[in-house]
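This report describes one chain of a protein model and its contact with a partner chain. The sequence and structure are shown first.

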Amino acid sequence: MLTIARNELYRLFLSPLAWLILALGQVILAYLFLTHIDRFMQLQASISAIPGAPGVTELIIAPLFSNVATILLLLSPAITMRLIAEERRNDSLPLLMSAPVSVMDIVLGKYLGTLIFMIIFLIMASLMPLSLSLGGDLDYWLIASCLLGLLLLVASFCAIGLFFSSLTKQPTIAAISTFSILFLLWIIDWSAGTTTTGTSFNMLGWLSLLSHFEPLLQGNVNTSDITYYLILIVAFLSFTVRRLNSQRLN
Amino acid sequence: MSESPLLTASSLSRYYGPQLAVNNVDFTVHKGEVLGFLGPNGAGKSTSMKMLSGNLAPNHGQITINGYDLLSESQKAKAHIGYLPEQPPLYKELSVSEFLSFCAQLNKIPSSKRRAAIQTVIERCGLTEVTNRLIGHLSKGFQQRVGIAQAIIHTPAVVILDEPTSGLDPIQIREIRQLIRDIATEHSVILSTHILPEVQMLCDRVQIINHGKIVFSDTTAKLSQKMESSSLLITLNAAPMLEELMQVDGILAIDELSKNRFRIKFQPDKNPSQALLEKAISQQWQLMELTSEHHSLEDVFMNIIQQETALSERET
């Protein structure tokens, strides 16, 4: 499993795609980071007098991490699309299938390899906000909560992307369907927000990726949110295993 | 053969939707044996190979490799096979040594033996001069060798090669055949192909498949016997009457190909060449040509297949 993960990560960095995504992600985040700082500078004078006002972490870092989530929503299908679809197109899948490894190992290996790449992206994305610690005090618990949220979010992106990649031979189709599903899950609570009143449980809102991410951005770590992501990840990984297994039968 | 066979497959069947691609096919491969698997395109060769390598599950039947069942103990069974599909499964962005190192790890070769295993396989497959080049930049012949290297790196008991020479130029084909012969000294090989001479050159035993069914299964020697001819071609400038020719001992029938060219069919145990020669000289028939006609493997192949088709037509 680790062999496959390592190979996956290594091959990812052999292609220009990984470098491009890391570089472009940094450029966009740098721009957004500066905008947030700018806005904070304007606000600073007016809020400094109020006791208990939101600080640097709430006003710069949390919104920035929310932007990271949006960027990953756009970029992760590009990374996950090739995972299995490309192997299938290059006829290299038999190499893995006839090796003495289980389908589970193949799926987990590929998943892990991609996840490590995403973690590298997250580490690079969090370097900029962390540089603020040079100039002031940061709320490290809030940052940790945001990063946990991002990690869970991106882990579920990868799981969904991996599943869609296992469905088709064309990486593009995998990318488009992954993106559509992710986007749908992202916005699905918009309609829920307008129709429900009060705190009653609503299905669409519960399904939304975003509604489970926002509490984490505010520093609320709920087991229900974490469980949501874990269920999503496990479900899509087992779908992928099933899909590859059934491919041998049909 | 007193030993139990390395690979046995019994009554394999495989449907694609309603279509029966492979129908009740049996395989046995013993240690050190090269089994040729012969058939026209679309006969079910690749499907069978995929089933034997665990890439495709059969609808019926059982496959046992070195005592392990391919379905219930698939990992142990797969450790004993090396598989080269029709399209060699390669990561084109890796260099040859990187790729082989990945394959070695994938096949769980312990790290202490990995270097040696990679080195051996590079030498055996003649990849020494391209070790550090990217696979995507290599010629088809070299890519095929990398594919073979990948299949034998963990010294499996059985190597399954699916049309290993398709799409190569004649020189490359010769080299790959040499390589296969070399591999066959240490591993059992199942070789699928639609090229008949290849089977004759490389294999100990042949199975011919057509429309998903085995139509011939015997040693290569038996197949060659089938090819032995029982006819002569003769050209006589001053040809006698047919009746006169018929009098030579052993001749069964004569086809008149042209005015002075004949095909002579004879009893297999009574070759009339010598008698014909003597008579031609004594009677001054002006002998120009006397050759024994060989059935090509293609003829035999077509014969077997046609017989089979005729049989099944009669049944229906």
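## Charge distribution

Chain B carries 29 positive and 34 negative charges, and the mean positions of the two sets lie 7 Å apart. The model from which these values were computed is a predicted one.

## Fold and dimensions

Eleven helices and 14 strands make up the secondary structure elements counted in chain B. The C-alpha trace of this chain extends over about 80 × 50 × 40 Å along its principal axes.

The radius of gyration of chain B is 25 Å, whereas a compact globule of 316 residues would have a value near 20 Å. Among contacts in chain B between residues at least 6 apart in sequence, those that join residues at least 24 apart account for 67%.

## Burial and surface

Of the 316 residues in chain B, 48% are buried. The chain exposes an area of about 15,300 Å². Carbon and sulfur atoms supply 49% of that exposed area.

## Interface with chain A

At the interface, 26 residues of chain B are in contact with 23 residues of chain A. Together the two chains bury about 2,400 Å² between them, with 57% of this area on carbon and sulfur atoms.

Which three residues supply more of the area that chain B buries against chain A than any other three? They are B:N55, B:Y91 and B:L106, which supply 25% of that area.

Methods. Residues numbered from 1 in each chain as written. Chains lettered and ligands numbered in written order. Predicted model: local features only at pLDDT ≥ 70, side-chain atom pairs only at ≥ 80, totals over all residues. Heavy atoms only, no water. Helix = DSSP H or I, 4+ residues; strand = E, 2+ residues; numbered from the N terminus. Rg over C-alpha atoms; globule rule 2.2 N^0.38 Å. Buried < 20%, exposed > 50% of the residue type's maximum accessible area, 1.4 Å probe, protein only. Contact = heavy atoms within 4.5 Å. Areas by Shrake-Rupley, 256 points an atom, 1.4 Å probe, with all protein chains shown as cover. Lys, Arg positive; Asp, Glu negative; His and termini not counted. Charge placed at Lys NZ, Arg CZ, Asp CG, Glu CD. Buried area = accessible area lost by both parts, 1.4 Å probe.
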